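Here are my notes on the model you sent. Please read them with the structure open.

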Amino acid sequence: MLKFVSFLPNKYFDNFYNKKLNLLLIRLSSFGDVVLATSFVNALYEKYSGIVNIYFLTKKENKEILLNNKKIKKVFFVDKNINKTCKNIKSEISLDYVIDLSFTLKSFLISLCFFKKIFIVHKQVIKRRFIVLFKNFFIKFFRINCISVRKTYSMIFDKKKIYSSEIFLTSLEILEAKKRIMFNNLDVWVGINTGASKITKKWFLERYIELIKKLLNDGMKVLLFGGKSDLIFNSEISKNIKSNNFLDLTNSLNKREFLSIVSLMDVFFTTDSFGMHVAQAFKVPVVSIFGSTVRHFGFWEPNEFDILLEDGLVSCRPCSLHGKNFCNKDKKCMKSITAEKCYFQIKKIIKIRG
């Protein structure tokens, strides 16, 4: 059986109360997508924890997200050889259902290998492509929005609830993170992540510098995050910041260290990136800036204190599904997002939370 679903009624599980069902979830995409997929795990576990064993298949580079997650029986990693991947799984478990959260050619072929009931969760790809094609005109006049990914996952089980993403850390990891940054609960900690997958999703260098200086002048502690590709950009920021309350952690952390330190922040400032999803999973308030991408794609689902800044009037937004590595309009989509605006929103969150 192959079925596209937006809701899973109890009838699929009613006949199996005498034994536990083995379910395989497939999500083969990026780090941030797997973070979002943990909301699906939470929804599934809450509704059917006594009935199902949850197994998860993903890329090996995503394993850090799923470590210590006791709701997942076992995590499998995809091999370049699809047959080998399927054989490894079949040798360990007998599956009852496969739920494909990716719906790519590779994930679909893997699903077919098991000859089981296959559920494919709608990804709203066509809607997103229409939004790219017709841009703000389509959004404004046809009021087209993709349901957020977390809401889409949640609605599979409960149409009235939005489940959170979740990442599990050990007490030792948190302790090591506190030692690394000399964490003090009395301080206000702001994490700033400059990393983005595309040039058009990155903010301006001078505005990062201006924002950090404003935060430091207010007595906050600022940590700068980024990966290997952000080293040159972030080093320019560091050259312009002289303060004992500023620490540049660019490319100096492994993934688990990054997760642990982000979990300690009071506010996390970021572009549309996996860092945004990580902070949200830890319930760390997020101030996020969207340039070439838009909230209407469905990747933004705010927690209580989260704030999104974007320019809804720029005619070329969104330029693509994931941004571009060039822009002939000098990143016009980011021009209206000033350091002053971002500083005000960060201060607003800190004030509300006391």
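1. The sheet. This is a predicted model. Its open sheet has 6 strands, paired in parallel, in the order β9-β8-β7-β10-β11-β12. The edges are β9 (246-248) and β12 (307-309), and each of these pairs on one side only. From one strand to the next, the twist averages 15 degrees.

2. One strand pair. Look at β10 (residues 267-271) and β11 (residues 286-289). These strands run parallel and are joined by 4 bridges. For a landmark, find phenylalanine 268: valine 286 of β11 stands opposite.

3. Helix α8. Residues 205-217 form this helix, which packs on the sheet. Helix α8 touches β7 (189-193), β8 (221-225), β9 and β10. Its direction makes about 175 degrees with that of β7.

4. Helix α11. This helix covers residues 274-281 and lies across β7, β10 and β11. Helix α11 runs at about 155 degrees to β10.

5. A charged residue to check. Glutamate 301 sits in the loop between β11 and β12. The residue is buried, yet has no salt bridge. Which side chain of opposite charge is nearest to glutamate 301? That is arginine 150, 5.4 Å away. A salt bridge needs a side-chain nitrogen of Lys or Arg within 4 Å of a carboxyl oxygen, so this pair does not count as one.

6. Its surroundings. Neighbours within four places in sequence are left aside here. Glutamate 301 is then in contact with Ser148, Arg150, Lys151, Ile162 and Gln280. Arg150 is thus on the contact list, though glutamate 301 has no salt bridge.

Methods: Residues are numbered from 1 along each chain as its sequence is written. This is a predicted model: local features need pLDDT of at least 70, side-chain atom pairs count only at pLDDT 80 or more; totals for chains, interfaces and linings use all residues. Side-chain values use heavy atoms; hydrogens and water are left out. Two strands pair if DSSP finds at least two bridges between them. Helices (H or I, at least four residues) and strands (E, at least two) are DSSP runs, numbered from the N terminus. Axes are lines fitted to C-alpha atoms, for helices over the stretch in contact, and angles run from 0 to 180 degrees between N-to-C directions. Contact means heavy atoms within 4.5 Å. Buried means under 20% relative accessible area, exposed over 50%, partly exposed in between (1.4 Å probe, protein chains only). Lys and Arg count as positive and Asp and Glu as negative; His and the chain ends are not counted.
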